[in-house]
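Work through the exercises below with the coordinates open. Each task is followed by a solution in steps.

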Amino acid sequence: MALPASDLTPDNCVFLMIDHQVGLMQFLPSIDPLQLKNNILGHARTAKAFDIPVIMGTSWPDGPNGPTMPELKTLFPDVNVIDRPFVNFWKDDASRAAVEATGRRKLVISGLATEVCAAFPAISALRDGYETYVVLDACADFNPMIQQVTTQRLAAAGVIVTTWVAVLAELASNTEVNGQHIGRLLGDHMGQYYAAMNNFLGTAAHADVVREGVGLTGNPPIPAILN
């Protein structure tokens, strides 16, 4: 796997969320559907929390792939979803122009399915001099073997393979400054962290201080607020 030239920061990357379409989510079972949904939304909300540009695209939305997940359209009402005829996002002039318009050289890519919608543009953009990251757990495939093969192909090509929590943590960098984003997003989208946070908020002597710092409201359980 390639060594990144620098850390991800909110100022140097753009998120490409490719083909997160409702039809595709129904027949890509390499990851549990509810977990996949939470990974995608946690990843998307990471971009929103740090005000990172997001580019969304679809392929064959009028066919079995279906439209973009409604939750993503609600999160990003001002983002124009680019419907393209090309399988490879990077071969589509409008999609590539949207990336170029950001002026950013680090591409954080997720897509359904990993082997095509995420892998093809990641490798193509790498050839054009971009640093590309693929967020594997915000992607899915027809079976786990395909995910494994695709992971090996990406890493061998020099793509940086990662996860949505790792991206969140790298962007947050400092918990004193950005702990609220880590606490809220992991609490809302990672079941284990949700349970741990609820236990802490219900028992710790200084729970009120943490609750206020993280920006939570009310008492446990933590409210799942989509924003």
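**Exercise 1. Find what share of the protein's residues counts as buried, and describe its surface.**

Solution. The model is a predicted one. Take burial first. Of the 227 residues, 50% count as buried. Now the surface. The exposed area is about 10,600 Å². Carbon and sulfur atoms supply 56% of that area.

**Exercise 2. Test the overall dimensions against the globule rule.**

Solution. Start with the expected value. For 227 residues, a compact globule would have a radius of gyration near 17 Å. The protein has 18 Å, so the two agree. Next, the box. Along the principal axes, the C-alpha atoms fill roughly 55 × 35 × 35 Å. Then the chain connectivity. Among contacts with a separation of 6 or more, 76% join residues 24 or more positions apart. Finish with the secondary structure: 10 helices and six strands.

**Exercise 3. Count the charged side chains and locate the centres of the two sets.**

Solution. There are 14 positive side chains and 22 negative ones. The centres of these sets lie 3 Å apart.

**Exercise 4. Decide whether C13 and C139 take part in disulfides, and give the reason.**

Solution. Recall the chemistry. A disulfide is a covalent bond between the sulfur atoms of two cysteines. The cut-off for the sulfur pair is 2.5 Å. Take C13. Its closest cysteine sulfur is that of C139, 16 Å away, which is too far for a bond. Now C139. Its nearest cysteine sulfur belongs to C117, at 8.9 Å, and C139 is in no disulfide. The total count is zero disulfides. Check the burial as well. C13 is buried at 0% relative accessible area. C139 is also buried, at 2%.

**Exercise 5. Identify the unusual backbone geometry at D19, W60 and A113.**

Solution. Set the baseline. Most residues other than glycine have a negative phi, and most peptide bonds are trans.

- D19 has a positive phi of about 65° and is not a glycine. D19 sits in the loop between strand 1 (13-18) and helix 1 (22-26). With 0% relative accessibility, D19 is buried.
- W60 has a positive phi of about 50°, again without being a glycine. The loop between strand 2 and helix 3 (70-75) holds W60. Its relative accessibility is 56%, so W60 counts as exposed.
- A113 is joined to L112 by a cis peptide bond, with omega at about 5°. A113 belongs to the loop between strand 4 (106-111) and helix 5 (114-127).

**Exercise 6. Map the surroundings of T58. Is this residue buried or exposed?**

Solution. Place T58 first. It is part of strand 2 (residues 54-59). Its relative accessible area is 1%, so T58 is buried. Now list its contacts, leaving aside neighbours within four places in sequence. They are D19, Q21, T68, V81, I82, D83 and R84. One of these partners, D19, is the loop residue with the positive phi of about 65°.

**Exercise 7. Which residues does S124 touch, not counting those up to four places away in sequence?**

Solution. S124 is in helix 5. At 13% relative accessible area, S124 counts as buried, because the limit is under 20%. With the sequence neighbours set aside, S124 touches N88 and W90.

Conventions: Residues are numbered from 1 along each chain as its sequence is written. This is a predicted model: local features need pLDDT of at least 70, side-chain atom pairs count only at pLDDT 80 or more; totals for chains, interfaces and linings use all residues. Side-chain values use heavy atoms; hydrogens and water are left out. Helices (H or I, at least four residues) and strands (E, at least two) are DSSP runs, numbered from the N terminus. The radius of gyration is taken over C-alpha atoms; the globule rule is 2.2 Å times the number of residues to the power 0.38. Buried means under 20% relative accessible area, exposed over 50%, partly exposed in between (1.4 Å probe, protein chains only). Contact means heavy atoms within 4.5 Å. Accessible areas come from the Shrake-Rupley method with a 1.4 Å probe; for residues, only the protein chains shown count as cover. Lys and Arg count as positive and Asp and Glu as negative; His and the chain ends are not counted. The place of a charge is taken as NZ of Lys, CZ of Arg, CG of Asp or CD of Glu.
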